[in-house]
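These are my notebook entries on a single structure, set down in the order in which I looked things up. Each entry takes up one topic.

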Amino acid sequence: SLIADSRSIMQELSDSIEIALQEKRPAVILIPSNFWRAEVTQAEIEPQFIKELESDSTQEKVIQSYFSDLDLTKKDENLIVYGTEINSITNSKDLAELLNMKEIPFMGTPESKGFLNHSSPYFRGLIGVMESNNALTKIKEAKNIIFIGVKKNLMESFGLSQVLNNKKMLTINEYEHYWSSVKADNDCTSIDSFLSKGISVLNQILPSTTSTKTNASAQYTKAQYTEIDKSSFNLTSVNQVIQNNLPHACDLFIDAGNTGATAVHYLQPLGRSLFYISLGMGAMGNSIGAAIGSSIADTKKERSYVILGDGSFLISGLEIHTAVEYNLPITFIIINNNSHEMCKTRESLFLGKEDLSQSINQFKESNLALGLGQMFSDLSFREVSSFDELEDSLQEGDDMRGPSLISVSYTHLTLPTTPYV
């Protein structure tokens, strides 16, 4: 909001904090510079949630009502879908217990990937604009669906309203959403409350043979790509090699663009880490600052990995200076095809261009790692252009302290199709 009267600053500040807390999004106040010496009206800032959360007893009744006639032994009829809001919950222990109820099939949105064990036989893929193949079909086949922290926006819920008719649904969100004309049978407004009450309810109704505790070695078996097509050094094969050489549990910061869309599909976390994607307010280049801030906030954090394209790097790349200054354990992987490939994708798909070699979005060859290595003497860097070089550089990072940068050069244009665009 724009402050037009200096006397309203305190009230505007209170209102903005209230909105930010309730909707979990930034609230911006624009204060003209000539107000800095103006008098303001004193007021106590006591933001109140616009919608009070339901009491635990109400939550428990809603949960009991939903589960009263479900048969959770019929695996294909039941589904849990996790969304972005689970990234901000405080009750992470109960969430882990719910996730470990391995016999309940589950899906997620791209921004919830870090919580999801992709090696589980009950993982059913991703929904949203970057959905997995046949994701909506799996939603359509289920009869009972629990949505936890799924926002009803285009990025997370693309196509859902078309397949939710005649479903028994329970939605749990931190604030109110809606899907077009489709309404859930029951709605809760607190994920933390659902987790605390829902776990006990699920334990009561799950069959006695169902264990909520899984064998650690079985649960965290990292997915490996056994057949990588190495005939072409392209975006898909590069991501598969990265997946095979990442530590079992590491925080991943994925940037926007074709590089990010490919990473969403080919990187497979084990449910023990953060999978941050620069979408919406984040925008291109945001992953660099996000990884730096996360690493500074948690001094015990192990090595994090940032995966971005050269287009994203050109927007915010020199923030890497901060990682060098503070000797942060971050590996920056720049997928460099010397072009704005997402823009070239649009030229091909929407403008019908066949020859993109002379595109305004095609640049001269660059060596980004070499250039940054010359700028920052304390930065470990590698220029790679083959599978062996990429594997060697990733394995070197396991024993490294401080930041490192890998620039992966490739020239093969990978035009994405649905669900990438």
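**Entry 1: Strand S1 and its partners**

I began with a single pairing: Ile-80 has Phe-106 as its bridge partner in S2. I note at the outset that the model is a predicted one. Strand S2 covers residues 106-108, and 3 bridges pair S2 with S1 in the parallel sense.

I then looked up the other partner, strand S4 (residues 144-148), which runs parallel to S1 and is joined to S1 by 5 bridges. Within that pairing, Val-81 stands opposite Phe-147 of S4.

Is S1 covered or open? I found S1 (residues 78-82) mostly covered, with 5 of its 5 residues buried. Asn-78, Ile-80 and Tyr-82 point one way from the strand, while Leu-79 and Val-81 point the other way. The residues of both groups are buried.

**Entry 2: The chain as a whole**

I next took stock of the chain, which has 15 helices and 12 strands. Of its 421 residues, 50% count as buried. Its accessible surface comes to about 20,800 Å², and carbon and sulfur atoms hold 50% of that area. Among contacts in the chain with a separation of 6 or more, 71% come from residues 24 or more positions apart.

**Entry 3: The sheet of 6 strands**

I looked up the order of the open sheet of 6 strands and read S8-S7-S9-S10-S12-S11, with parallel pairing. Which strands stand at the edges? They are S8 (275-277) and S11 (380-384). Each has a single partner strand, so one side of each is left without a neighbour in the sheet. From one strand to the next, the twist averages 15°.

The partner of S11 is strand S12 (residues 404-409), and 5 bridges join the two in parallel. Helix H14 (residues 368-375) packs on the sheet and touches strand S10 (330-336), S11 and S12. The direction of H14 makes about 160° with that of S11.

**Entry 4: Ser-380**

I chose one residue of the edge strand for a further check, namely Ser-380 in S11. Its bridge partner in S12 is Ser-404. Leaving aside neighbours within four places in sequence, I found Ser-380 in contact with Met-400, Pro-403, Ser-404 and Leu-405. Ser-380 and Gly-402 are 22 residues apart in sequence, and their C-alpha atoms are 8.2 Å apart in space. Ser-380 counts as partly exposed because its relative accessibility is 29%.

**Entry 5: Helix H8**

How many residues of helix H8 (residues 235-245) are buried? I counted 10 of the 11, so the helix is largely enclosed by the rest of the structure. Among the buried ones are Leu-235, Val-238, Val-241 and Ile-242, as well as Asn-239, Gln-240 and Gln-243. The cover over the buried residues of H8 includes helix H9 (258-266), strand S9 (304-309), S10, helix H15 (387-396) and S12.

**Entry 6: Salt bridges**

I searched the whole structure for salt bridges and found 4. I followed up several of them.

Lys-230 and Glu-391 meet through their side chains at 3.6 Å, N to O. Lys-230 lies in the loop between helix H7 (216-219) and H8, and Glu-391 lies in helix H15, so the pair ties together parts that are 161 residues apart in sequence. Both ends are partly exposed, Lys-230 at 44% relative accessibility and Glu-391 at 22%.

Lys-301 forms a salt bridge with Asp-251, with the closest N and O atoms 2.3 Å apart. This pair links the loop between helix H10 (286-297) and S9, where Lys-301 sits, to the loop between H8 and strand S7 (252-254), where Asp-251 sits, 50 residues apart. I recorded both Lys-301 and Asp-251 as buried.

Glu-396 and Arg-382 meet in a salt bridge of 2.9 Å, N to O. Glu-396 belongs to helix H15 and Arg-382 to strand S11, 14 residues apart. Glu-396 is partly exposed at 38% relative accessibility, and Arg-382 is partly exposed at 24%.

**Entry 7: A nonpolar patch**

Which residues make the nonpolar surface patch of about 310 Å²? I found Leu-2, Val-28 and Leu-30. Leu-2 lies in the segment before helix H1 (9-23). Leu-2 counts as exposed because its relative accessibility is 59%, and the cut-off for exposed is over 50%.

Methods:
Residues numbered from 1 in each chain as written. Predicted model: local features only at pLDDT ≥ 70, side-chain atom pairs only at ≥ 80, totals over all residues. Heavy atoms only, no water. Patch = residues over 30% accessible without salt bridge, like charges linked within 9 Å, V, L, I, M, F, W, Y side chains within 5 Å. Areas by Shrake-Rupley, 256 points an atom, 1.4 Å probe, with all protein chains shown as cover. Helix = DSSP H or I, 4+ residues; strand = E, 2+ residues; numbered from the N terminus. Buried < 20%, exposed > 50% of the residue type's maximum accessible area, 1.4 Å probe, protein only. Contact = heavy atoms within 4.5 Å. Pairing = 2+ DSSP bridges. Axes fitted to C-alpha atoms, helices over the stretch in contact; angles between N-to-C directions.
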